[in-house]
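Hi,

Here is the structure we talked about handing over. Have a look when you get a moment, and my notes are underneath.

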There are 2 protein chains.
Amino acid sequence: MKIHKNPSKEQWQTLAKRPELNALDLTSLVATVFTDVQNKGDDSLKKYTLEFDKVHLENLLANEEEIQNAGNVLSDELKKAIQTAKNNIEIFHSSQKEIKNPIETTEGVICWRENRGIEKVGIYIPGGSAPLFSTVLMLGIPAQLADCKEIILCSPPDKNGNLHPAILYTAHLVGITSIYKVGGIQAIAAMSIGTESIPKVDKIFGPGNQYVTAAKKQAQNIGIAIDMPAGPSEVLVIADKNANSTYIAADLLSQAEHGKDSQVILLSTNYEIIEKVLIDITIQTEKLPRSEIIVIALENSKAILMNTLDECIEFSNLYAPEHLILAIDNPEKYTDKIQHAGSVFLGKYSCESAGDYASGTNHTLPTNGFAKNYSGVSLDSFVKKITFQHISENGIQNLGKTIEIMAEAEELLAHKNAVTIRIQSLENKK
Amino acid sequence: MKIHKNPSKEQWQTLAKRPELNALDLTSLVATVFTDVQNKGDDSLKKYTLEFDKVHLENLLANEEEIQNAGNVLSDELKKAIQTAKNNIEIFHSSQKEIKNPIETTEGVICWRENRGIEKVGIYIPGGSAPLFSTVLMLGIPAQLADCKEIILCSPPDKNGNLHPAILYTAHLVGITSIYKVGGIQAIAAMSIGTESIPKVDKIFGPGNQYVTAAKKQAQNIGIAIDMPAGPSEVLVIADKNANSTYIAADLLSQAEHGKDSQVILLSTNYEIIEKVLIDITIQTEKLPRSEIIVIALENSKAILMNTLDECIEFSNLYAPEHLILAIDNPEKYTDKIQHAGSVFLGKYSCESAGDYASGTNHTLPTNGFAKNYSGVSLDSFVKKITFQHISENGIQNLGKTIEIMAEAEELLAHKNAVTIRIQSLENKK
């Protein structure tokens, strides 16, 4: 972790830059897989699963028995923890439900919005050694609350053709309709196009590697909505002189362990704190199983001494972090100044892992500076907001002239006529 | 307009299909313009403006004098109408403001959301003979209400290098920061990349032709958010036996006059109404200046006799219209069944042109079936919703165990450690 002392504002731009990624050009591979899935459906999914996941599957769909068994292998302790997290995520996401609120904009003209769940949503859960069942909660729960009719999940099988029981158990717990053992580009292609066993969905959610990300871009280009653009995970911590360096080191490390391309940034007005945090990082890293990943991630990372807390916030707004931790006294004094961030953690006990798992907020957040353009996933991500209006006889008479004049100025005379005809017939009635 | 009588459900899929568009492959043109704008900035914008809009511009920015003069040329009647529409749009979009709502998910764990306006937004307004100042209202007003810091507008100049005064006047009225005389692919490229005079924005809004649409896709691929995918405008009207055929004909025509690729669909449970509407369409079309466009649009259009109103709604959900008019008795009895639509108009006086101009709802809506995946533009489109959390000593003690167990099961031990360290130090304090 490199230390930068009181950089000039000219240097901020460079310091706020993300490390360049060696992005593979996957355009042609993605196009090939999509075409294959389009033409050969399930057969091509099985072919790619054999090729990439090294397993031949007769059935892509996880069956009842597998799902039932999953619960039996998990410890009661883990099942209870998942239930507690589920409750909190449900409570917070339920609070995002919009209540119908009819507004009379002009006498006789009433407008409102109603929310409808997106009918078919697809959730992608990456494979790997550890089962990301927390992401199943974060995407499955709001989908369920939004009343999405069909919630499917795709995740790559292991070499024995199985999904991890924690994924199966959690998916079943949150009401996911169907679980498919398919991963990578072929999973995204299947959900974008539809095959004999996997339905085409309206929107695709979930994290993934470069292949999945490239496939989601292609999905978007052919008209399927996606949650947000992807990028490596990141945290920015702002610490004042009273901050606890041990806690901060732990928070930075919990971000760094995500992957070699993770980035952590520490801003402080106090040089001693920076020094202490770096020492604590060294001490803590030794004991962590993923220390190899952490060491590489920390090479991309920076500790920056700033003149004031206001400067820290200003830099943070420039960087637009996915996660922002305010490890400072009276953090609520600074929240109004935060313009760009995915999720913000206030005070010394609000660690990022709380939000990652169980406090109730969503952990699917905009990274890579996308906090400037996008919100994290919420209940909103799973609904469409439809506007409604009811205009009475009185209403069209009050508003008619305005519409007629505007339509005429835009040279859309049929638009005008739709009003004129109504007003004239109302006048004839009198 | 072709009539289909009681089609079987097998035929619905075909009937609900949009007409195929002859899409140009603009990928290479778009790439060229983006590279040019990247390398040569304003100079390339001026070059393309000369090439496509046939005018050489010294300054791309509309100046104070032009903006001031615009108000002098418009009639007081039009200015008053614009003001009335502005008021209604403001009232309805203001009602979409979210109130901060802190939720205690677990004792000592408080989560909430705060909205922040997207800092820099770009609005594109197409050129052409008629000035689409209503779209300036629809995009400028929510941008202003959302507290976006920089709201810029691009629109192609006419042959004399001017923008229409109605666009200049409306843009100024709704507080747009800067107005640029540039259109087409080059305008979208400028807002995506930034030039000497035009700032790079975080999100681009607004309608456009195939060139603008292709450029917005490219903007999205390089990380700029866009409002939604584009497509030709459309309306679906459901009429029962008591519907007023003259009104319905006028509504269908007001959609058909948008462009040759517009589509209008009439569903009714009553054959007589269909016949009457078709006659009224013929009568009304004759008097309309855009009849040539209308006649072509009607060729893509269908009138379908259905067995029941429930079937009409079911078909409408399959089609997912941008605009849906329920010209039926007691329309509110059917609103719950509507799953996919951009904006819904209830009853005989709620004509689409009301929503297009002045009732208060937004007219930037998902077309081409995208009402299945996307909402129309609203205040939400201009904000990011940032989650916040504050966890107290008590809170982390209540939630800690849950986080530790879940992090361990995901093999993310640094995530676990961030909690363990805090809990241990709290226990040591006791």
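Below is what turned up, starting with the interface.

This is a predicted model, where local features need pLDDT of at least 70 and side-chain atom pairs count only at pLDDT 80 or more, while totals for chains, interfaces and linings use all residues. Residues are numbered from 1 along each chain as its sequence is written, chains are lettered from A in the order in which they are written, and side-chain values use heavy atoms, without hydrogens and water.

Between chain B and chain A, 115 residues of each are in contact (heavy atoms within 4.5 Å). About 10400 Å² is buried there, with carbon and sulfur atoms giving 57%; that is the accessible area (1.4 Å probe) lost on putting the two parts together, summed over both.

Six salt bridges cross the interface (a side-chain nitrogen of Lys or Arg within 4 Å of a carboxyl oxygen of Asp or Glu). In the salt bridge of Asp380(A) with Lys385(B), the closest N and O atoms are 2.9 Å apart. On the side of chain B that touches chain A, helix α16 (residues 413-429) of chain B gives the most, eleven residues (helices, H or I, of at least four residues and strands, E, of at least two are DSSP runs, numbered from the N terminus).

The chains also share a strand pairing: β14 (residues 383-391) of chain A and β13 (residues 343-346) of chain B run parallel over four bridges (DSSP must find at least two). There, His390(A) stands opposite Leu346(B).

Best wishes
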